[in-house]
Amino acid sequence: MQSIVADIEQTLEQFHPEAHNEETGKVMEVGDGVARIEGLRKIRLNEMIDFGNGVTGLALNLEENSVGAVVLSGAETVREGQVVRSTGRLLEIPCGRAMLGRVVDPLGRPLDGKGPIDTKERNPVERPAPGIIGRQSVSAPLQTGILAIDAVIPIGRGQRELIIGDRSTGKTTIAVDAIINQARLNREAELAGDTKTHPVYSVYVAIGQRQSSVAQVVRALEERGALKYTVIVAATASDSAAMQYLAPFSGTAIGEWFMDHGMDALVVYDDLSKHAVAYRQMSLVLRRPSGREAYPGDIFYLHSRLLERSACMSKAHGGGTLTSLPIIETQTGDVSAYIPTNVISITDGQIYLESDLFHQGIRPAMSIGISVSRVGSAAQTKAMKEVAGKVKLELAQYYEMKEFAQFGSDLDAKTVALIEHGKRITELFKQVQYNPFPVEEEVVQLWAAQQGFFSNTPVEKTREVRAKLLEFVRMRRNDLLKDIAQHKQLTPEIKKGLEEVMAEYQSLA
Amino acid sequence: MKLTRQHQRSARLLWQSVSVNGAPDANRIREAVQTIRQTEGRSAEAVLRCFMKRLEIYIRANQVGVVSADRLSVQQQEQLSGLFRGTEAAKAGINFSVDPSVLGGLRIEKGYQVTDMTIVRQLEVLQGKLLEK
């Protein structure tokens, strides 16, 4: 109480009344969350407008005689003829470690009922992407804990990897799994007192999602201890189009704080299709000219300037990284639609999820043939490269042969072996949600598959045997797992150890 | 009547032709309006409407208003009017008004440019600073 009084006294002492020169404007019309304002001659693009009573807006259309602004919240309180003020400030959002574990709206206001956020750090919501000089190539892996991704479509820190697929194909699950795995790695490093490991902090941006879906994600992260390493920015379906438009930019600004301070961050945009729809709605009510599918002409620039802010900075520029996992929802598998093709061309690869695979029980329902990672392989560890190098080719051959085998029963031994091996790899790639694997266990199971360990196992029992094998290795030779994690490659000693432990398991089984 | 971009462009050209040193000249405006009125058709009417809108915005942007909590004396009003001598605002006259909610001090509005020296504004700024803390 005394400190509050002291604060008030100090503020009063430092306060010197002075004339305030302000630029004002008058609301000429308001509707659909957009206000047309006369005046505000010197306002800048993306400058905040004070509508009074805590209502703020954002100047988006600067015309000859008027300004088009979106009202960010409380649009119903804005009246025609109301006087508004320019603030001289661009839109900013609170940032920093204090944001971790919190659920906020795109303006950084807490939504979780945990009280105010104690931070003085702020970042502008719109900011130019880092330049060419400050960047370096992606070199460190971002382990998602999902075997199929880490082996075949590896993601590097600083990469932008699109997750694309129809509704209910497990897009959000992949992103949430990746967040949970980062939290697991952070926690293990903290417990081990490992200061060399760079923790990855995550930002999950929900755009136009149902409130119940966001609540589910929050609960899933909380239950697995991942929320304390994560910030959730939520602009749900009940929020205005302006808030949905701002959400990914706000999430990026929060992620950039970690990157600017030499740390690693992961941002999930769930999803950019709804973001594009929100931007289209906003642009139409702002009376901007519309183009293909009624989207405004700068819809490509909207997403390119957002995703270009993800980067892997060089050591001289702090060495921080910002990895993006944008999500796009397709309609009946049409990846050639306007927004999907835009985002595919912007990102460094895509994970394509198929409904058919999902319904066949292959989860994650990743289509190996269409999915690609353009830069991630450079970030893969040597151990993973060695065991996963041939997997993509083998799976491609398996899918081709599988189709071919449907027409005839007489197959040569080599083809049969290839098909059987493909079946087992496909089984190994099936993974329960919210249950990511440590990278060393991923290496062990792929190594075992390459050595033909699962050849005699019935296909339907592959996952069961895998679980038993991993448990056995953890119990008997945990040192091998530690060595793989530490050396990041399969040395002759590790290989020998793995052979021994496999032989021991087989003799006991 | 729908005002198209073409009408707005024509009105802008008309505005430029009646302006002298950035300010519209009354005689030129009269002449221009007379000439356009002689031209029959809906297009001329639309251009005049656009032109009128520009003129209204210009007048609003140059109007000067002084707001105080209590009525200013004639001497005080003359003193304030002196500040705007020779400007566009002086021609239109200064609008003095009373608004008790400002509590004290003056607010001078020239179009949308506001110089606020009222007590209520100082208190708002103080409130903002305290909330920031």
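Good morning. In chain A, β10(A) and β14(A) pair in the parallel sense, with three bridges between them. I begin with this pairing and then turn to the contact between the chains; please bear in mind throughout that the model is predicted.

Within the β10(A)–β14(A) pair, Ile164(A) stands opposite Ile328(A) of β14(A). Strand β10, residues 162–165 of chain A, also has β15, residues 349–353 of chain A, as a partner: four bridges join the two, and they run parallel. Here Leu162(A) stands opposite Gln350(A) in β15(A).

Strand β14 of chain A spans residues 321–329, and eight of its nine residues are buried, which leaves the strand mostly covered. Besides β10(A), β14(A) pairs with strand β13, residues 264–270 of chain A, again in the parallel sense, this time over six bridges. In that pairing, Leu266(A) is the residue opposite Thr323(A) in β14(A).

These strands belong to an open sheet of eight strands in chain A, whose order is β8-β12-β11-β13-β14-β10-β15-β16. Although the pairs I have just described are parallel, the pairing in the sheet is mixed. Which strands stand at its edges? They are β8 (103–104) and β16 (372–373) of chain A; each has a single partner strand, so one side of each is left without a neighbour in the sheet.

I now turn to the interface. The size of an interface is often given as the accessible area lost when the parts come together. For chain A and chain B, about 2100 Å² is buried between them, and carbon and sulfur atoms account for 49% of it. On the side of chain A, Phe15(A), His20(A) and Glu38(A) lose the most area to chain B, together 27% of what that side buries. The contact involves 25 residues from chain A and 18 residues from chain B.

As for polar interactions, there are ten residue pairs in polar contact between chain A and chain B, counting pairs with both residues at pLDDT 80 or more. Which elements of chain A give two or more residues to the side that touches chain B? They are α1 (2–14), β1 (20–31) and β2 (34–39). The largest share, eight residues, comes from β1(A). By class, this side of chain A has seven nonpolar, eight polar and ten charged residues.

Between the two chains the count of salt bridges is five. One of them joins Arg85(A) and Glu124(B), with the closest N and O atoms 3.8 Å apart.

Strand β1(A) also pairs across the interface: four bridges join it to strand β6, residues 113–116 of chain B, and the two run antiparallel. His20(A), already named among the residues that lose the most area, stands opposite Asp116(B) in β6(B).

Finally, two residues of chain B. Ser68(B) lies in strand β3, residues 64–68 of that chain. Is Ser68(B) buried or exposed? Its relative accessible area is 4%, so Ser68(B) is buried. A polar atom of its side chain lies 2.7 Å from the backbone oxygen of Asp70(B). Beyond its neighbours within four places in sequence, Ser68(B) is in contact with Ser97(B), Val98(B), Asp99(B), Val102(B), Gly105(B) and Leu106(B).

Gln79(B), by contrast, sits in helix α4, residues 74–82 of chain B, and is exposed because its relative accessible area is 60%. From Gln79(B) to Val98(B) the separation is 19 residues in sequence and 17 Å in space, C-alpha to C-alpha. Thank you.

Notes
Residues are numbered from 1 along each chain as its sequence is written. Chains are lettered from A and ligands numbered from 1 in the order in which they are written. This is a predicted model: local features need pLDDT of at least 70, side-chain atom pairs count only at pLDDT 80 or more; totals for chains, interfaces and linings use all residues. Side-chain values use heavy atoms; hydrogens and water are left out. Contact means heavy atoms within 4.5 Å. Buried area is the accessible area (1.4 Å probe) that two parts lose on being put together, summed over both. A salt bridge is a side-chain nitrogen of Lys or Arg within 4 Å of a carboxyl oxygen of Asp or Glu. A polar contact is a pair of N or O atoms within 3.5 Å; within protein, one must be able to donate a hydrogen and the other to accept it, and residues adjacent in sequence count only if both atoms are side-chain atoms. Ala, Val, Leu, Ile, Met, Phe, Trp, Tyr, Cys and Pro count as nonpolar, Asp, Glu, Lys and Arg as charged, and the others, Gly among them, as polar. Two strands pair if DSSP finds at least two bridges between them. Buried means under 20% relative accessible area, exposed over 50%, partly exposed in between (1.4 Å probe, protein chains only).
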